[in-house]
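Colleague: Could you take a close look at one part for me, the annotated binding site, and then show how its surroundings fit into the wider assembly? Please spell out any cut-offs as you go.

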There are 4 protein chains.
Amino acid sequence: MSGNSIGQNFVVTTFGESHGVALGCIIDGCPPGLELTVEDMQHDLDRRRPGTSRYTTARREADEVKILSGVFEGKTTGTSIGLLIENTDQRSQDYSDIKDTFRPGHADYTYQQKYGMRDYRGGGRSSARETAMRVAAGAVAKKYLKQVHGIEIHGYLAQLGPITADTVDLTQIEQNAFFFPDATKLEALDEYMRGLRKSGDSIGAKITVAAKGVPVGLGEPVFDRLDADIAHALMGINAVKGVEIGDGFGVVTQKGSEGRDLMSPEGFASNHAGGVLGGISSGQPVVAHIALKPTSSISVPGQSMTVQGDTVDMITKGRHDPCVGIRAVPIAEAMLAIVLMDHLLRHRAQNQDVVRHTPEIGMR
Amino acid sequence: MSGNSIGQNFVVTTFGESHGVALGCIIDGCPPGLELTVEDMQHDLDRRRPGTSRYTTARREADEVKILSGVFEGKTTGTSIGLLIENTDQRSQDYSDIKDTFRPGHADYTYQQKYGMRDYRGGGRSSARETAMRVAAGAVAKKYLKQVHGIEIHGYLAQLGPITADTVDLTQIEQNAFFFPDATKLEALDEYMRGLRKSGDSIGAKITVAAKGVPVGLGEPVFDRLDADIAHALMGINAVKGVEIGDGFGVVTQKGSEGRDLMSPEGFASNHAGGVLGGISSGQPVVAHIALKPTSSISVPGQSMTVQGDTVDMITKGRHDPCVGIRAVPIAEAMLAIVLMDHLLRHRAQNQDVVRHTPEIGMR
Amino acid sequence: MSGNSIGQNFVVTTFGESHGVALGCIIDGCPPGLELTVEDMQHDLDRRRPGTSRYTTARREADEVKILSGVFEGKTTGTSIGLLIENTDQRSQDYSDIKDTFRPGHADYTYQQKYGMRDYRGGGRSSARETAMRVAAGAVAKKYLKQVHGIEIHGYLAQLGPITADTVDLTQIEQNAFFFPDATKLEALDEYMRGLRKSGDSIGAKITVAAKGVPVGLGEPVFDRLDADIAHALMGINAVKGVEIGDGFGVVTQKGSEGRDLMSPEGFASNHAGGVLGGISSGQPVVAHIALKPTSSISVPGQSMTVQGDTVDMITKGRHDPCVGIRAVPIAEAMLAIVLMDHLLRHRAQNQDVVRHTPEIGMR
Amino acid sequence: MSGNSIGQNFVVTTFGESHGVALGCIIDGCPPGLELTVEDMQHDLDRRRPGTSRYTTARREADEVKILSGVFEGKTTGTSIGLLIENTDQRSQDYSDIKDTFRPGHADYTYQQKYGMRDYRGGGRSSARETAMRVAAGAVAKKYLKQVHGIEIHGYLAQLGPITADTVDLTQIEQNAFFFPDATKLEALDEYMRGLRKSGDSIGAKITVAAKGVPVGLGEPVFDRLDADIAHALMGINAVKGVEIGDGFGVVTQKGSEGRDLMSPEGFASNHAGGVLGGISSGQPVVAHIALKPTSSISVPGQSMTVQGDTVDMITKGRHDPCVGIRAVPIAEAMLAIVLMDHLLRHRAQNQDVVRHTPEIGMR
């Protein structure tokens, strides 16, 4: 496959540019018999879509998804599922000034060099708008995982610049525009974002995403370990520069006697490993963290150059998120869901005893 | 593919267990005409192999690699390359005590649950011994990258527990048994390791790996971005729990005005991005960091359970590395080389103008 | 990948059912810079589409293709190309009688058993209507192959039931509704088809498809030989039951002294091999033949059974082609184009000297 | 993957040249728990190996396979299985005369042009010797298919040049050196082969291969249909120029009323389809036929050319099979087994109700 597909047995392939006609994707390998409607996807699409709060870009897209195939009489048929979202609020004129200039910190330069040309409108294919289809496909995976296996996935903003969540109250996540699990920090967040917008700058973020109810046994050593494939999927989200599983970089200063999760028939005593041992899910929650860089689309001037090779001082106009990390929460959930779904199917292929929610040996 | 292969156009597939007959791999897709001898691989194999210093396991393996196919009259033929390393110093009796017990923090439990059985001798397939073949395959990629494209890869130990490299002097890396770039810390490292061995404990580490001379344009958006595939390859190394590209988790508290790499016809002013923009190499050095957990194979007792479901207090005997991070340096280099090689070939497939070391536009 | 994709570096993934909302496909890996408009695809779509002659089904579909992404300012960008054809003339009521009955010789029974359900309207995903997207994707490959490498592909109906082409005049192919290269047989064909329609029966056919100008060196031994991948692609066309390369089944009674193509610096003396030696293109025309079975959708009654397990005597109503072989000509061309395109890119990946139209050694 | 692998969930990757050190393969994706010894593979290897009758090449190879990994205490572990066969009877000096000359009808010319070089000893990688590993891997698939699902595969020589099997008595196949199912023709075959050897010529052949007990539902439309993947696997065998499923090219002159297999709750009334409908197995025997060309390695002189571009008259010395079709019987069986195994696992991935040997609906 050539870059626009992910997965082996549950394969998601996407197309579409920020300011093109439409975005779309094909889901190949979804098991038959799953009840599926556009509503199942629309909820997550709405969580990701722009224009819903003052903390995100002002671009207004309905992001209404259509199911074009693969569903009959309300259920998946086992054949390929075609999904489509039409673009409605492209304002390509906003981008005419970047036609000949490379925005620093953006993919403009690398796309131009790789392909010898680029669709410069809104970043074209490199725009985070492309991730809408991942969210739609991820919602299908989420539904299957939950309905058939009781696996639940949730993500939240763990840190926005200097502001960290001191407590994690999952019931708070959907109650605020930040997907933030610590309600005591909402005012600080609001204030920080106002300041940021005033200064025309942007800020990085850290997201945590986790899956509960994952059966033991998912992951294919040695290269397609569950954690390796999660790292692949999460690092593939726009602006992500780091991925951790479980304790992540915290292990660097850990001793073996501290970091191992002790076991007993009652279960694991801790979850430093983030639910993955030897690349295979352990039955504990799968936990990952990602770091998202601040967008380079800011109104603070910065040196850049033109396609013709001239130096320019550049300000990025247009409508942008001051913290791309916020809207990335549903994207991260979607990617984790897609990876788990793919590995569930891969595990089934090789192992007749499909899934061990109640391990034969050990933990109750 | 089913887990034991990596790559799409440069494909490496491995087999072999810690205490089996032999380890082996097949490299499929290596361009024809590359001069290749066992010496090209032996150097890196020797850097990884056990028993070379008092800081690593006492197991002694010559790790002599044999080329079984794909090379004729000293050059690769374009057909699949078969490589083999025979195991010579298996002491399987050392492991009989873990036959019925799951070592905490190890893959024993997850392999048993996934497959319903496991080769318990030395961890079987989950042993880091498997990575010897990755190092051999990576050496082939390294040679091609250097010879044909001038790409050079080096890795070093950036941190061992509490001890960090304050300066990075690449000439020091091969001068000490730690692959450490800061000679002023060697005594501290030695002392720390002695204390560790005395206490029977182990420690985590951080490794940096980088590639210089990478042409602009490698990486296939949107899922097979160069950074995503690097994350996949590095997270797939035993004990790795975190991967960073460029500034990594440092971006969380960065502002957009700080983190973007400004550009001019003279080049980029900085490399926060770690050589990747929009998933495509920018022509700057590709830089990644990984966190390796301390091995759980320690002589400090810890609670665990048996295959029969009984609780036990366990001490791991056998020969183990107190810091698995040290020997992981050549493994990380190998994985980066394999990913770059694969992406070089993938890029060539789609783009006739093979590789842009001197970009058409822009930087000199 | 999970069945709805073909290719490795030039990947085509399709979705859509006969009576669904739309058909679509994603082309991933098309090189950047190719001029592409809907007209480039529409010509072949029109050759395949139903309702254009009295010899094919009366269903009327405009088969107008839309480009949704991957093309900017008239040229491909190197990113994934989304294509869409909306269904307009679905008459699903025609098919309500097959909801509960398996048509003999059709995929109704196997889809039902495989997935536990099926979209019965017009055969759903198993309908030859799905091949419209293959034709569209094939047209993109055809254009690239011709424009960049001078490779030309043509197919024709070599035999329809008892009527064979005695002479092959390529200029005749597009002059008649049968894609038949022997103008002296057109009346016989017309008469035969009238008789067939009167009897309510259908007939098999043989198609020849060939590519000229193929450079030497395409094909990846040992499993992805060019001929093996052509066989895969052509056998994957609905109703195909046999594939031949070059002399095909004629080799069974050949002697080695008859069947080998003698060589000299002036070229090959013959082309028994059909342009492939050892799975690699030889520089001669690549020639393949396929056998297409008569459709089972006929008004001659035949025993079948219902989903409930009862025996029934069945007549297939609806609008059907009495010889599906006719419209399969552009499909076969498309599949050959897709395979050649994919192998061209795969060959490039591994070999720096891109393509040898003028072999270094040998033939002028 | 880059040509030397086949399968998606049951993946076989091979290496090795005719006169290299050894042949080997990796089987990735074999389910755990299968009892496996070298004897399981040796039987089929012995059926294929040279030097066992006067009708095949005089090269003597023990073809003793070693299991290097993936099997523990007599059972597969679910990890990758490494297999090795050492070459023992290479007489490379026999081939020094073809170093600079392309044998007509062989892969010498295309390998040279593709890769710019070639291992000329015995055809290197293009030699049928490579198929030994396919037979070994196929034997693993065969054992699993039979033991777990009751699927049995057998192949036979249906035609050798002008001599066809008039009756098919499966009990005869293993009773003669031809794998011929019609004992009344053995004398004629012997006589024919003697004449052939005297004349220094070779002859083509037709092989039939079939699988019984295949459950309904295997095959992934639309591109990875079971018949398409069988065609890929069989056309990928050295010297194969044609593949048929069921009635094959016989369908060209068939009418729909003749060719469809009528159905009733008692089963199908016939098997024109060869066990595949819409690319999915129907529960009937899967039947395929292949045409193998006569080897071009004959002592009848033929025009060729040298690497330097000179015309020569050439006689191929060395030890060769006058009918390569004979020894191809176990190879064809192996390839069919590998495809069925892969599709069994792929089907399992998507469908929880693993395999329907007793279809829910319909046939008893």
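Modeller: Ser297(A) is buried, because 24 other C-beta atoms lie within 10 Å; with C-beta atoms placed from the backbone, a residue counts as buried at 20 or more such neighbours, exposed at 12 or fewer, and partly exposed in between. This is a predicted model, in which local features need pLDDT of at least 70 and side-chain atom pairs count only at pLDDT 80 or more, while totals for chains, interfaces and linings use all residues. Residues are numbered from 1 along each chain as its sequence is written, and chains are lettered from A and ligands numbered from 1 in the order in which they are written.

Ser297(A) sits in the loop that runs between β17 (286-292) and β18 (302-306) of chain A; helices (H or I, at least four residues) and strands (E, at least two) are DSSP runs, numbered from the N terminus. An unreviewed UniProt entry lists Ser297(A) under the feature "binding site", with other positions including Arg125(A), Asn238(A), Gly278(A), Lys293(A) and Arg319(A). UniProt positions follow the numbering used here, with shortened feature names, and such annotations may be inferred rather than shown by experiment.

Gly278(A) is another listed position worth a look. It belongs to the loop between β15 (276-277) and β16 (280-281) of chain A, and it counts as buried because it has 27 C-beta neighbours inside 10 Å. Leaving out residues up to four places away in sequence, Gly278(A) touches Pro221(A) as well as His106(B), Ala107(B), Thr110(B), Tyr111(B) and Ser126(B); contact here requires C-beta atoms, placed from the backbone, within 7 Å.

That brings in chain B. Chain B superposes on chain A with an RMSD of 0.0 Å after a rotation of 180° and 0.0 Å of shift along the axis, and His232(B) has the C-alpha of chain B nearest that axis, 2.3 Å away. Such fits are least-squares superpositions on C-alpha atoms of residues with pLDDT of at least 70 in both copies. The two copies meet through the same surface, because 100% of the interface residues of chain B are also interface residues in chain A.

Chains C and D can be described in a similar way. A turn of 180° with a shift of 0.0 Å along the axis lays chain C on chain D, at an RMSD of 0.0 Å, so the two copies are related as by a two-fold rotation axis. His232(C) is the residue of chain C that comes closest to the axis, at 2.3 Å by its C-alpha. In this interface, 90 residues of chain C contact 90 residues of chain D. The chain C side divides into 35 nonpolar, 37 polar and 18 charged residues (Ala, Val, Leu, Ile, Met, Phe, Trp, Tyr, Cys and Pro are nonpolar, Asp, Glu, Lys and Arg charged, and the others, Gly among them, polar). Because 100% of the interface residues of chain C are also interface residues in chain D, these copies meet through the same surface.

Strands take part here too: β12 (residues 240-245) of chain C pairs antiparallel with β12 (residues 240-245) of chain D over three bridges, where pairing needs at least two DSSP bridges. Within that pairing, Gly242(C) has Glu244(D) as its bridge partner.
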